[in-house]
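Please keep the structure open in your viewer and make each selection as it comes up in the text.

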Amino acid sequence: MLTVYGDIRSGNCLKVKWLLDWLGRDYRWVETDVMSGVKRNADFLARNPAGQVPAVVLEDGRVLAQSNAIIGYFGEGTAFIPTDPYDRARMYEWLFWEQYSHEPYIAVVRFQRLLGGKRTDEIEPRLMERGHAALARMETALTGADWLVGDGPTLADLALVAYTRVAHEGDFDLNAYPAVKAWVARVETAFGIG
């Protein structure tokens, strides 16, 4: 059976779970607490040398890591990957941007506040500035558009909603980004995220 190692508090792990649930795939979820050190034990590292979650063990025993690679694998053949080459490239552009210019700020601040117990005044200002810059870029892209790419939800929407929907847990107020806030609701509906 397909096995997913993930921490339910992680947006990167949740995007894999949400897609598998939407697709109706059977899988075994192995809760892997990112704070416990289990990702550094020899058994886990033998499966996934990067020592990160999510990690998926396919039915044939092969392992796949990195959330956007995983959703790309399971998204093959679905409407969530555009058939038009330009739109598909734009989807990948957002996926790469998410891991480089969004997640390192929105998710990191959320992690520091929620799991690290840091007060707002203990958060590095640069992280907040870049998180707001990421949300502002999304606001611009979504003003007058329902989706990040094309006329329907893609993996870009799924990837970016994971941490955007909980940005408030890192003191990012989505009320300042009305197009992003409306988009979050659309993506949650499209993927059945509750």
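In which sense do strand 1 and strand 3 pair, and over how many bridges? Select residues 3–6 and residues 55–57: these are strand 1 and strand 3, and they pair in the antiparallel sense over three bridges, where pairing requires that DSSP finds at least two bridges between two strands. Strands (E, at least two residues) and helices (H or I, at least four) are DSSP runs numbered from the N terminus. Within this pair, Val 4 stands opposite Val 56 of strand 3.

The model is a predicted one, in which local features need pLDDT of at least 70 and side-chain atom pairs count only at pLDDT 80 or more, while totals for chains, interfaces and linings use all residues. Residues are numbered from 1 along each chain as its sequence is written, and side-chain values use heavy atoms, with hydrogens and water left out.

Next, widen the selection to the open sheet of four strands, which has the order 2-1-3-4 and mixed pairing. Strand 2 (28–31) and strand 4 (63–65) stand at its edges, and because each has a single partner strand, one side of each is left without a neighbour in the sheet.

Now add helix 1 (residues 11–23), which lies across strand 1, strand 2 and strand 3 and runs at about 150° to strand 1; such angles run from 0 to 180 degrees between N-to-C directions, with axes fitted to C-alpha atoms, for helices over the stretch in contact (heavy atoms within 4.5 Å). Helix 3 (residues 67–75) lies across strand 3 and strand 4, at about 120° to strand 4.

Finally, select His 102 in helix 4 (residues 85–114). His 102 has a relative accessible area of 1% and is therefore buried (under 20%, with a 1.4 Å probe and protein chains only).

Technical notes:
Buried < 20%, exposed > 50% of the residue type's maximum accessible area, 1.4 Å probe, protein only.
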